[in-house]
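Dear colleague,

I am passing on the structure that we spoke about, and I would be grateful if you could look it over with the notes below beside you.

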Amino acid sequence: MGSRPPSLGDSLDSLDPVSERNLIEDASKVTRNGERGLKFHESNGIVEQTSSPKRRDVVNRSLFAMKSFEKDEIDLEGGKLAKERDKTIRSSRIVKIHNQALLSGLAYCISSCSMILINKFVLSSYDFNAGITLMVYQNFISVCIVSILSFLGVISTEPLTWRLIKVWLPVNVIFVGMLITSMFSLKYINVAMVTVLKNVTNVITALGEMYLFSKHHDSRVWAALFLMIISAISGGITDLSFHAVGYAWQIINCFLTASYSLTLRRVMDTAKQVTKSGNLNEFSMVLLNNTLSLPLGVLLIFVFNEVDYLSKTPLLRLPSFWLVMTLSGFLGLAISFTSMWFLHQTGATTYSLVGSLNKIPLSVAGILLFKVPTSLENSASIFFGLLAGVFFARAKMRERSESR
């Protein structure tokens, strides 16, 4: 009789090691080629016709190993993708934070520079001789805007109670005096010299902190303050547009500004205790200061007889003049908003340093825009004073870091 050809099952049962390895490799190809390859082999009976349990076990183990390997590869790849995604998110967040800090810093610098330049433009270029009226109008705009934003729920402010007003009134009197003397000095002195002379405020504040709060400063801070005094004196001597009245108002302004800073520290804790929330944010301070300044400012308008001037000046009939005055009011409030935004995005150290550096372009712009006559000696004194301000900010930064 003829011999029966070996069935597929018999062939698999009698596989030698080489054939078994080939079968494993074949199973590997099944896994690599995916489901379509597996179905192809199944249709040809490779898997289903493996009659021997031993042989089926070989194939199943091979398939399982290959699938596990593929799964590990997928998991590893998924882990890499997750890491890349996390890295991208972190990078985008860092860029966003940097952009916020840069944007807030630019907004703060632009608003503070523009405010001083526009005030100088109103008082000098328009020759407006009612600085108190300008201050009252700017504060009135600030009160209106803050009140509207508070009513709409955009910002939160503390309600003005009699207890809070009584506590805050001494600070507000100094605040009004600080704004008025700043207006009067800016009318007669160029912007660059006003900026340098304001450095004297730091000297008075440091002395006040030492005597009132027993706060001692290191040698670097005092060296910077000494440089500020030298630059202010040399700048005044070499100032070609020197005006004694303007300098007198600016010196008074330095004392009032330092007094405001020192008094604010004493009153702030008491003021927080009489508020409903136990806190007093920047917006509440803006609303409180500007609201209380209105009746006092109106009183001073009559005291300094600005009413007579206002009734005669033709400037109040110019729409462009009112536009510039209104813009100055918006910028005054913008300084409060941008300074808070910038301080929140960076910190007190960066805020202080940028404030000092901001005086350099402000001084240059003041000289160029208003065509201030200057000499090499005066320019050197101004530049020296601005560098002293930066040096002072750096010294204060180091002092704070060492005290921690």
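The notes begin with the protein as a whole, then turn to two helix pairs and finally to a few buried residues.

Please keep in mind throughout that this is a predicted model, and that each value quoted here was computed from it. The protein contains 16 helices and zero strands, and of its 404 residues 40% count as buried. The accessible surface amounts to about 22,700 Å², and carbon and sulfur atoms account for 65% of that area. If one takes the contacts between residues at least 6 apart in sequence, 85% of them join residues at least 24 apart.

The first pair to look at is helix 8 and helix 9. Helix 8 covers residues 200–212 and helix 9 covers residues 219–237; their axes come within 8 Å of each other and cross at roughly 140°. Since angles over 145 degrees would be needed for a roughly antiparallel arrangement, the two helices are therefore oblique to each other, and the crossing between them is left-handed. On the helix 8 side the contact is made by V200, N202, V203, A206, L207 and M210, which meet W222, L225, M228, I229 and A232 of helix 9. Sorted by character, the residues of this contact comprise 10 nonpolar and one polar, with no charged residue among them.

The second pair is helix 11 and helix 13. Helix 11 runs over residues 282–303 and helix 13 over residues 319–345, and their axes, which come within 10 Å, cross at roughly 160°. That angle makes helix 11 roughly antiparallel to helix 13, because the cut-off for this description is over 145 degrees. The crossing of helix 11 and helix 13 is right-handed. From helix 11, E282, F283 and V286 take part in the contact, and from helix 13 they are met by L333, S336, F337 and M340. The residues of this contact divide into five nonpolar, one polar and one charged.

Two serines of helix 13 deserve a closer look. S336, which is found in helix 13, touches E282 and V286 when residues up to four places away in sequence are left out. With a relative accessible area of 16%, S336 counts as buried, because the cut-off for that term is under 20%. S339 also lies in helix 13 and is likewise buried, with a relative accessible area of 9%. Leaving out residues up to four places away in sequence, S339 touches Y108 and Y351. S339 and S112 are separated by 227 residues in sequence, yet their C-alpha atoms are 9.0 Å apart in space.

Where, finally, does K396 lie, and which residues does K396 touch? K396 belongs to helix 16, which spans residues 376–403, and, not counting residues up to four places away in sequence, K396 touches E209, K215, H217 and V221. Of these, E209 falls within the residue range of helix 8 and V221 within that of helix 9. K396 is buried, with a relative accessible area of 11%.

With best regards

Key:
Residues numbered from 1 in each chain as written. Predicted model: local features only at pLDDT ≥ 70, side-chain atom pairs only at ≥ 80, totals over all residues. Heavy atoms only, no water. Axes fitted to C-alpha atoms, helices over the stretch in contact; angles between N-to-C directions. Helix = DSSP H or I, 4+ residues; strand = E, 2+ residues; numbered from the N terminus. Parallel < 35°, antiparallel > 145°, perpendicular 65-115°, else oblique. Left-handed = near helix turned anticlockwise from the far one by under 90°. Contact = heavy atoms within 4.5 Å. Nonpolar A, V, L, I, M, F, W, Y, C, P; charged D, E, K, R; others polar. Buried < 20%, exposed > 50% of the residue type's maximum accessible area, 1.4 Å probe, protein only. Areas by Shrake-Rupley, 256 points an atom, 1.4 Å probe, with all protein chains shown as cover.
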